[in-house]
Amino acid sequence: MASPIVAASTLATDPPSNPAALLEAETGALSVGPLPSAGAGTIRLSLIIPTYNESKNIGAMVQQLTTVLDKAFGAAYEIIVVDDDSPDRTWEAAQALTTRFPTLKVMRRQHERGLSSAVVRGWQAARGELLGVIDGDLQHPPDIVPALWSEIERGADVAIASRHVEGGGVSEWSLIRRIISRSAQVLGLLILPNTVGRVSDPMTGFFMLRRVVIQDVLLRPLGYKILIEILGRGKVRWIAEVPYVFRERVDGESKLTSQVYVDYIRHLLRLRIARLPIERFLRFGIVGLSGVVVDMGLLFVLSDPSMLGWGLTRSKLLGSEVAIVNNFLWNDIWTFGDIAKRQIGWRQRLRRFGKFQAICLAGLALNATLLNFQFNVLGMNRYVANGVAIAVVTGWNFWLNLKLSWRVAQPDAERTD
Ligand code: GDD
Ligand code: MN
């Protein structure tokens, strides 16, 4: 028999929502913590639906999604609608659904706006070890979700729904829309080749990932492309792709404005900078300066008449070689120490040294050639020309050594783009 309290709430004329299904948005850093112990094991997947003015779609969306997910996974999932206080009261419509759909939760955000941050705020409240996102306007087909999930079960870290693999596509896009979408992709490839180039559809807003991929990683997404943020900052090894056809919108309107394109470019540049190995480069520079000291010191000791008084060329060659060895050792211990640790043994170290030596010698030749070209052909001031040549060769030495001498054994874990 039902208790009086339950009876009263069931009998209430207009039960607005299930209070336990209402979530608070976190504030502060956009970073997803470890799996909360409460509810652990019961919920595997937390799927976010970001919404803004989707009141006409949310009912059908939740209905379709729960039908698919109940059948495939029983009650082992939760759906979290994150609505940005939509003027059309999508949050209210979603809250009203919570009595009928026990796997549904609703977060009404009143102090923050934007698609990407909405998704992260949803993940922060999530209790699943798998996290996902799907649009709330029925343009992303809910029946793909089980396929994404099974890719993760097979071992993928991230599973994306893609329009650009066999079987996927866009329904009735105009040529101009296709061109815009592809241009955005090409721009991404130019700025962040090793991040954007890892998937066929980096623009997709429909995907799933393991929590550990982004756990405790500080995210700084901008605009729409949350997937690029995850590929750029997360620990992603295996990516799976599942085809889907992007449907036409039936109700409501797209929120895509020109601002979204501006945000996209800013986001790419922000990630580009974040992915530059700045700290390593600084260390490399400091080691380079120590090499100058060694070079100068030996030139003095070997060639100065008050010291050993050797010939200039002999002294310079020996001094430079010792400086190269000095630089190699410091770089191997300090600048690239973390990488060297994964390639142990003397043979490996000698190989690294051989490459370092070759790159430095080639750099020296480049240095002299550039100095000559700028001074003799372009007529530049010799010291300015030398400064430019040194800067270029420092970059050359750093980049080639990073890519060749201390090449990372696990490219995904330490890509630099
Ligand atoms: N909470 C919140 N806040 N949700 C938002 C916001 C916002 O500021 N802006 C948009 N949304 C919600 C929409 O209500 C919808 O559910 C979803 O995010 C996608 O927004 P649309 O405006 O419909 O985007 P679209 O259809 O042009 O593009 C979508 O699909 C593409 C293909 O997968 C986005 O997901 C794109 O990122 C994606 O490339
Ligand atoms: Mn849409």
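Here are some worked exercises on this predicted model.

**Exercise 1. Overall build**

Work out how many helices and strands the chain has, and whether the chain is spread out or compact.

*Solution.*
- Start by counting elements: the chain has 14 helices and ten strands.
- Next, take the radius of gyration, which is 29 Å. For 417 residues the globule rule gives 22 Å, and the chain's value is well over that, so the chain is more spread out than a compact globule.
- Then look at the extents of the C-alpha trace: along the principal axes they come to about 105 × 50 × 40 Å.

**Exercise 2. Burial, contacts and surface**

Find what share of the residues is buried, and what the exposed surface is made of.

*Solution.*
- Of the 417 residues in the chain, 43% are buried.
- For contacts, take those between residues at least 6 apart in sequence: 79% of them join residues at least 24 apart.
- On the outside, the chain exposes about 21100 Å², with 63% of that supplied by carbon and sulfur atoms.
- To finish, tally the charges: there are 46 positive and 38 negative side chains, and the centres of the two sets are 8 Å apart.

**Exercise 3. The manganese site**

Name the residues that coordinate the manganese ion (ligand 2), then decide whether D137 and Q139 are buried or exposed.

*Solution.*
- Look around the ion for donors: D137 provides OD and Q139 provides OE1, at 1.9 to 2.0 Å.
- Now check accessibility, remembering that buried means under 20% relative accessible area.
- D137 has a relative accessible area of 5%, so D137 is buried. Q139, at 9%, is buried too.

**Exercise 4. A covered helix**

Determine how many residues of helix α8 (residues 226-233) are buried, and which elements cover them.

*Solution.*
- Go through the helix residue by residue: seven of the eight are buried, which leaves α8 mostly covered.
- The buried ones are I226, L227, I228, E229, I230, L231 and G232.
- Now see what sits over them. Helices in the cover include α4 (115-124), α7 (193-196) and α9 (258-274). Strands in the cover include β6 (158-162), β8 (207-210) and β9 (239-243).

**Exercise 5. A buried strand residue**

Place L131 in its element and list what L131 touches.

*Solution.*
- L131 belongs to strand β5 (residues 130-133).
- Its relative accessibility is 0%, so L131 counts as buried.
- Skip residues up to four places away in sequence, and the partners of L131 are V32, L45, S46, W123, A126, F207, M208, L209, R211 and I214.
- For a distance check, pick V120, eleven residues away along the chain: its C-alpha atom is 9.8 Å from that of L131.

**Exercise 6. Positive phi in a loop**

Say where D85 and R89 lie, and what their phi values are.

*Solution.*
- D85 sits in the loop between β3 (77-83) and α3 (90-97), and R89 is in the loop between β3 and α3.
- D85 isn't a glycine, yet its phi is positive, at about 55°. R89, also a residue other than glycine, has a positive phi near 60°.
- As for exposure, D85 is partly exposed at 27% relative accessibility, and R89 is partly exposed at 40%.

**Exercise 7. Three residues later in the chain**

For G337, N367 and R407, give the element or segment, then the exposure and the contacts.

*Solution.*
- Begin with G337, in helix α12 (residues 337-340). G337 is buried at 7%. Beyond neighbours within four places in sequence, its contacts are N331 and D332. Q215 is 122 residues away along the chain, and the two C-alpha atoms are 25 Å apart.
- Move on to N367, in helix α13 (residues 346-377). At 18% relative accessibility, N367 still counts as buried, since the cut-off is under 20%. With neighbours within four places left aside, N367 contacts N386, A389, I390 and V393.
- End with R407, in the segment after α14 (382-405). R407 is partly exposed at 48%. Its contacts, with neighbours within four places left out, are I339, Q343 and L402. R407 and V165 are 242 residues apart in sequence, with 31 Å between their C-alpha atoms.

Terms used: Residues numbered from 1 in each chain as written. Chains lettered and ligands numbered in written order. Predicted model: local features only at pLDDT ≥ 70, side-chain atom pairs only at ≥ 80, totals over all residues. Heavy atoms only, no water. Helix = DSSP H or I, 4+ residues; strand = E, 2+ residues; numbered from the N terminus. Rg over C-alpha atoms; globule rule 2.2 N^0.38 Å. Buried < 20%, exposed > 50% of the residue type's maximum accessible area, 1.4 Å probe, protein only. Contact = heavy atoms within 4.5 Å. Areas by Shrake-Rupley, 256 points an atom, 1.4 Å probe, with all protein chains shown as cover. Lys, Arg positive; Asp, Glu negative; His and termini not counted. Charge placed at Lys NZ, Arg CZ, Asp CG, Glu CD. Donors = N, O, S within 2.8 Å, 3.2 Å for Na, K, Ca; no water.
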